[in-house]
Amino acid sequence: MSSKPPSRPGFPVRLTPTASAVTRGRQPAVPVRPLVPTTPSMASDAIRARMVQRLAAQGVADARVLRAMGTVERHLFVDSALVNQAYEDTSLPIGLGQTISKPNVVARMIELLLGAPALAGKPGDRLGRVLEIGTGCGYQATVLSHVASEVYSIERLRGLHERARANLRPFRLATVHLLLGDGMVGYAKGGPYAGIIAAAGGEAVPDAWVEQLAVGGRIVAPTHSPGGGQALVVIDKTVTGLQRRVLEAVHFVPLKSGIA
C-alpha cells in the first residue's frame with residue numbers, strides 16, 4: 001500500500017518555533033533592495049564563463065554543478081555597491097553579520113551533495129528533495145534548484161528571510177520553498193531528504209538532520225574540528241548505518257537556534 005506523500009507548504013512559510021527555541025528580541029531588519037538592474041557588463045555570459053573555468057581549474061568537475069553556477073547570476077544577490085566583486089572567488093556581506101559564500105565553496109559543497117549514495121551510478125540525474133540550513137540571500141538555494149527536484153531552505157533571521165523572498169520572487173521557482181524557522185530542528189514535514197546542506201557550523205550535526213535524511217542521502221555541513229576551527233563533514237546514511245568523513249578546513253558563521 002502506498003503511503004500518502006507529505007503535504008507541501010505554500011510560499012512563503014513561517015515555522016512555528018517552540019518556546020525554548022525562540023530567542024528574545026528581534027534583529028533589525030535588513031533593507032529589502034530590488035534586484036540590481038542588469039547591465040551588459042554584469043550579466044555577460046563571458047564573466048560567468050570565466051568564473052566557471054576558474055571553478056573547474058580549482059577541481060570542481062561535476063557538469064551539473066558547473067552548468068548551474070554558470071546559469072545563476074550571482075550579482076543579483078549582492079548589494080549594488082558590491083556587484084563588481086560578484087564573480088570573484090570571495091565571500092561578501094549580506095547584512096546582519098552574514099555572508100554569501102564564495103563561489104568555490106558553494107560549488108564544492110553542492111558537488112559533494114551530488115555524490116550521495118542514492119545517485120551512485122547515475123551521474124546525470126538530479127538529486128531529490130534537499131534541505132538547506134541558512135538561506136541567506138537565496139543564492140545557494142537558487143543554484144540548488146538547478147540540480148535538485150525540490151529545495152526547502154530555512155533561515156532563522158527574519159530580515160534575511162525577507163531579503164531572500166524579494167530576491168527569488170522574480171524567478172518564480174515553484175520547486176523552492178523558503179521557510180522562516182529554526183534550522184537546527186530541520187523541517188520534518190518536507191522529508192525525508194536526499195540531501196541536507198548547511199551554511200553555518202555548530203559543535204556537531206544535529207540529530208534532527210540525521211533523522212530527516214533518507215537512506216541513501218547525504219549531509220554536507222561545517223562542524224567544529226577537534227583542533228579548533230571548523231571542518232567540512234560529509235555524512236552518508238546507508239542501510240547499515242552512518243558513514244562520516246571529515247574533509248578540509250572551512251570557515252562559516254556559527255550555527256544558532258531560534259528565530260531572530
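A salt bridge is a side-chain nitrogen of Lys or Arg within 4 Å of a carboxyl oxygen of Asp or Glu. The model shown here is predicted, and this tour begins with a pair that meets that criterion. Select Arg-64 and Asp-62: their side chains form a salt bridge, with N and O 2.6 Å apart. Both Arg-64 and Asp-62 are buried.

**The whole chain**

Before going further, display the entire protein as a cartoon. Its secondary structure amounts to seven helices and 10 strands. Of the 260 residues, 52% are buried. Colour the surface by element next: the accessible surface is about 12,100 Å², and carbon and sulfur atoms account for 55% of it. Among contacts between residues at least 6 apart in sequence, 61% join residues at least 24 apart.

**Helix α3 and its cover**

Return to Arg-64 and show the side chains of helix α3, residues 63–71. The buried residues here are Arg-64, Val-65, Leu-66, Ala-68 and Met-69. Now add the neighbouring elements. The cover over the buried residues of α3 includes α2, α4 and α5, the last of these spanning residues 139–144.

**Salt bridges**

Side chains of opposite charge can pair when their charged atoms come close. How many salt bridges does the rule give? The count is seven.

Select Arg-48 and Glu-73 next. They form a salt bridge in which the closest N and O atoms are 3.7 Å apart. Arg-48 belongs to helix α2 (residues 45–57), whereas Glu-73 is in the loop between α3 and β2 (92–95), so the pair ties together parts 25 residues apart in sequence. Is Arg-48 buried or exposed? Its relative accessibility is 6%, and a residue under 20% is classed as buried, so Arg-48 counts as buried.

Move to Arg-108 and Glu-248, whose side chains meet in a salt bridge at 2.8 Å from N to O. This pair links distant parts of the chain, 140 residues apart: Arg-108 is in helix α4 (residues 103–113) and Glu-248 in strand β10 (residues 241–250). Arg-108 is partly exposed, at 26% relative accessibility. Glu-248 is also partly exposed, with a relative accessible area of 31%.

Then add Asp-45 to the selection of Arg-48 and Glu-73. Salt bridges with shared partners join Asp-45, Arg-48 and Glu-73 into one network.

**Aromatic pairs**

Show the aromatic side chains. The whole structure contains four aromatic pairs. One of these is Phe-77 with Phe-171, a stacked pair whose centres are 6.1 Å apart and whose planes make an angle of 15°. Phe-77 is in the loop between α3 and β2, and Phe-171 is in the loop between α6 (158–168) and β6 (176–180), so this pair ties together parts 94 residues apart in sequence. Phe-77 is buried, with a relative accessible area of 0%, while Phe-171 is partly exposed at 34%.

Select Tyr-152 and Tyr-193 next. Which geometry does this pair have, stacked or edge-to-face? The ring centres are 6.0 Å apart and the planes stand at 70°, so the pair is edge-to-face. Tyr-152 is in strand β5 (residues 148–155) and Tyr-193 in strand β7 (residues 193–198); the two are 41 residues apart. Tyr-152 and Tyr-193 are both buried.

Go back to Phe-77 and Phe-171 and add Tyr-139: Phe-77, Tyr-139 and Phe-171 form one aromatic cluster. Include Arg-74 as well, since its charged end sits over the ring of Tyr-139, 5.8 Å from the ring centre.

**The β2–β3 hairpin**

Centre on strands β2 and β3. Strand β3 comprises residues 98–100 and pairs with β2 in the antiparallel sense over three bridges. At one of these positions, Gln-98 in β3 is the bridge partner of Gly-95. The two strands form a hairpin with two residues between them. Select Leu-96 in the turn: its phi is positive, about 55°, in a residue other than glycine. Leu-96 is partly exposed, with a relative accessible area of 23%.

**Backbone details in two loops**

Proceed to Arg-172, in the loop between α6 and β6. Arg-172 has a positive phi of about 50° although it is not a glycine. Its relative accessible area of 73% places Arg-172 among exposed residues.

The final stop is the loop between β6 and β7, where Pro-192 is found. Select Gly-191 together with Pro-192: a cis peptide bond joins them, with omega about 0°.

Definitions and conventions
Residues are numbered from 1 along each chain as its sequence is written. This is a predicted model: local features need pLDDT of at least 70, side-chain atom pairs count only at pLDDT 80 or more; totals for chains, interfaces and linings use all residues. Side-chain values use heavy atoms; hydrogens and water are left out. Helices (H or I, at least four residues) and strands (E, at least two) are DSSP runs, numbered from the N terminus. Buried means under 20% relative accessible area, exposed over 50%, partly exposed in between (1.4 Å probe, protein chains only). Contact means heavy atoms within 4.5 Å. Accessible areas come from the Shrake-Rupley method with a 1.4 Å probe; for residues, only the protein chains shown count as cover. Rings of Phe, Tyr and Trp (its six-membered ring) pair if their centres lie within 6.5 Å; planes under 30 degrees apart count as stacked, over 60 as edge-to-face and the rest as tilted. A charge sits over a ring if NZ of Lys or CZ of Arg is within 6 Å of the ring centre and within 35 degrees of the ring normal. Two strands pair if DSSP finds at least two bridges between them.
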